[in-house]
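Please look through the sequence and the model below before reading on. The paragraphs that follow lead from the interior to the strands and then back again.

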Amino acid sequence: MKTFKAGNITFQYPVSWEVEKADILSNPDCIATLSKGEDNLINAVMFPTATNLDDYKVFMEDAISDDGGVILASDFTQIAGKDAIKLHANMDTPEINFDIHTYVLIENKIIYIY
């Protein structure tokens, strides 16, 4: 495992993944982008929020569904002892079909999305 650290964010990732330059031009809240081949990508974002996990879960599900995605699983869970959302969805567009696996945490009015 390797360790990624930026500001107050630290997480471990497998050595088979590579850190890329975060795309802050089109996604200014992005703090990390990791990739494993052409078909796998992890983006980590963080930004101030006034919401809570209950409301964000509904917002996230609605946004994916409104874009034509199918929610396969959406649950509250715990990551490292912190309350979180774990979501799995499928997006099928004319150009590409892909799965989304997302974890969301909120701490000290900052939302973290992986």
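Which residues of the largest nonpolar core touch the most other members? In this predicted model, that core has 14 residues, and those with the most contacts to other members are Tyr56, Met60, Ile64, Ile85, Val104 and Ile113. Two or more residues of this core come from each of the elements α1, β7 and β9, and the arrangement of these elements is best followed from the sheet.

The sheet is open and has seven strands, which follow the order β3-β4-β5-β9-β8-β7-β6 with antiparallel pairing. Its edges are formed by β3, residues 18-20, and β6, residues 70-79, each of which pairs on one side only, while the twist from one strand to the next averages 20°. Within this sheet, β7 (residues 82-92) and β8 (residues 97-107) are joined in the antiparallel sense over nine bridges, and Ala84 stands opposite Leu105 of β8. Helix α1, which spans residues 53-66, packs on the sheet, where the helix touches β6, β7, β8 and β9 (110-113), and its direction makes about 5° with that of β7.

Val104, one of the core residues named above, shows how these parts come together. When neighbours within four places in sequence are left aside, Val104 is in contact with Leu53, Tyr56 and Met60, with Asp83, Ala84 and Ile85, and with Ile111, Tyr112 and Ile113. Apart from the core to which Val104 belongs, there is a second, separate core of twelve residues, among them Phe4, Trp17, Leu34 and Ala44.

Technical notes: Residues are numbered from 1 along each chain as its sequence is written. This is a predicted model: local features need pLDDT of at least 70, side-chain atom pairs count only at pLDDT 80 or more; totals for chains, interfaces and linings use all residues. Side-chain values use heavy atoms; hydrogens and water are left out. Two strands pair if DSSP finds at least two bridges between them. Helices (H or I, at least four residues) and strands (E, at least two) are DSSP runs, numbered from the N terminus. Axes are lines fitted to C-alpha atoms, for helices over the stretch in contact, and angles run from 0 to 180 degrees between N-to-C directions. Contact means heavy atoms within 4.5 Å. A nonpolar core is a set of buried Ala, Val, Leu, Ile, Met, Phe, Trp, Tyr and Cys residues joined through side-chain atoms within 4.5 Å. Buried means under 20% relative accessible area, exposed over 50%, partly exposed in between (1.4 Å probe, protein chains only).
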